[in-house]
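User: Please take me through the architecture of this model, with the reasoning behind each answer.

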Amino acid sequence: MNYKCPWCGSEKAQIHLWLKDEFLTQEDFQIYECKSCGLLYTEPRPNKEEIGKYYKSEAYYSHQENKKGLIPRLYEAVKSINLKTKYNLATKGMQKGKVLDIGCGVGDFLCIMDKQGWETIGIEPSKEAKEIAEKRLNHKVLKPEDLQNLETQSQDLITMWHVLEHVDDLKEEIHQIERILKPKGRLVLALPNFKSYDSQFYNIHWAAYDVPRHLNHFCKESIVKIFKNSELELVNTDKLGWDAYYISYMSETFKHHRLPLLRGAFRGMISNCKARKSNEWSSRVYIFERK
Ligand SMILES: [Zn+2]
């Protein structure tokens, strides 16, 4: 079957990996590498009607609240440190203003921003997560289709924490972000990096491939190409260092190894040590400024 790159439309692609949805359905998928722009994309790509079934899981931690047990507790503790890191990364050198968090989940990041005096808008596709976020933030959270109705040049900051890899229409999403951001406004993207050590080590079991929930897979080079002709200028890159541990732990569970927590912690540590030299962190953060 001939697939098209969802970014540049090129049909020149080669198979990067054959892998399974090890998290939920055990169905087979492929990841293709576009020979023209370098983007990696998942095929077959579930359509809007099909995608919902791949998200239906009690174990989808990012939408869970107050669960007991060691792993969820550890997850909560790390999440809290991660949130502070996210806040510092996103707001460094900025005045308080308006922030839009696309894929806000249960509203963790927006709650911090709200406490710090920012005016917050959230967008979230999951009905359950959206309802929790609305209660916590005490205001309405929007659906993805509402993005196009947001006022032009109205936001100082747009954040997408591990969201662009889930987005089906990359062109439209980036176009809307360009439109909504104020001149000199900031876009912060956090994305898994398939060039990281933990990605190479776990290969088809690397949890951050997360097919078919992750439709797109990025590295710095493909990000640079994708944003090259946009109104958004890449001004800095950073990392979310804890993600190497979490992704390594999840990958260990996919491999059905004993002591996944210990093994994951060890592998995450090696990944971060290597990234200090190579800069290929498991999760990279890209900071853009609207021209
Ligand atoms: Zn392409």
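The exchange below concerns a predicted model and covers its sheet, a helix pair and some backbone features.

User: In what order do the six strands of the open sheet stand?

Analyst: The pairing in this open sheet is mixed. β5 (119-123) and β9 stand at the edges, each with a single partner strand, so one side of each is left without a neighbour in the sheet. Neighbouring strands are turned by 20° against each other on average, direction ignored. The order is β5-β4-β6-β7-β10-β9.

User: Which strands pair with β10, and in what sense?

Analyst: Strand β10 covers residues 283-290, and six of its eight residues are buried. With β7 (residues 181-192), Leu189 stands opposite Tyr286 and Ala190 opposite Val285. With β9 (residues 232-239), Leu234 stands opposite Phe288. Seven bridges join β10 to β7 and seven join β10 to β9, and the sense is antiparallel.

User: Which strands does α2 lie across?

Analyst: The direction of α2 makes an angle of about 140° with β6 (155-161). Helix α3 (residues 108-115) also packs on the sheet, where it touches β4 (98-102), β5 and β6. The strands that α2 lies across are β6, β7, β9 and β10.

User: Is α8 mostly covered or mostly exposed, and what covers its buried residues?

Analyst: Of the 12 residues of α8, 10 are buried, including Tyr245, Tyr246, Ile247 and Met250. Helix α8 is therefore mostly covered, taking 20 or more other C-beta atoms within 10 Å as the mark of a buried residue. What covers the buried residues includes α2 (70-91), α6 (197-202), α9 (260-278) and β10.

User: What span should helix α8 have, and how far apart are its end C-alpha atoms?

Analyst: Helix α8 runs over residues 243-254, and the calculation takes 1.5 Å a residue. Because its 12 residues should span 16 Å, the expected value agrees with the model, in which the end C-alpha atoms are 16 Å apart.

User: How are α8 and α9 oriented in their packing?

Analyst: The two helices pack at an angle of about 135°, with their axes 7 Å apart. The residues making the contact include Ala244, Tyr245 and Ser248 of α8 and Pro260, Leu261 and Gly264 of α9. The crossing of α8 and α9 is right-handed. Because the angle is neither under 35 degrees, nor over 145, nor from 65 to 115, α8 is oblique to α9.

User: Which residue in the loop between α8 and α9 has a positive phi although it is not a glycine?

Analyst: Most residues other than glycine have a negative phi. Just after α8, His256 takes a positive phi of about 55°. The residue in the loop between α8 and α9 has a phi of about 50° and is exposed, with 10 other C-beta atoms within 10 Å. That residue is Leu259.

User: Is Gln26 buried or exposed?

Analyst: Gln26 lies in the loop between β1 (13-20) and β2 (28-34) and has a positive phi of about 65° although it is not a glycine. There are 8 other C-beta atoms within 10 Å of Gln26. Because 12 or fewer such atoms mark an exposed residue, Gln26 is exposed.

User: Where are cis peptide bonds found?

Analyst: Most peptide bonds are trans. Pro44 lies in the loop between β3 (40-43) and α1 (48-51), and its cis bond has an omega of about -10°. Pro212 lies in the loop between α6 and β8 (216-217), and its cis bond has omega near 0°. The bonds join Glu43 to Pro44 and Val211 to Pro212.

Conventions: Residues are numbered from 1 along each chain as its sequence is written. This is a predicted model: local features need pLDDT of at least 70, side-chain atom pairs count only at pLDDT 80 or more; totals for chains, interfaces and linings use all residues. Helices (H or I, at least four residues) and strands (E, at least two) are DSSP runs, numbered from the N terminus. Two strands pair if DSSP finds at least two bridges between them. The expected span of a helix is 1.5 Å times one less than its number of residues. Two residues are in contact if their C-beta atoms, placed from the backbone, lie within 7 Å. Axes are lines fitted to C-alpha atoms, for helices over the stretch in contact, and angles run from 0 to 180 degrees between N-to-C directions. A crossing is left-handed if the near helix is turned anticlockwise from the far one by less than a right angle, and right-handed if clockwise.
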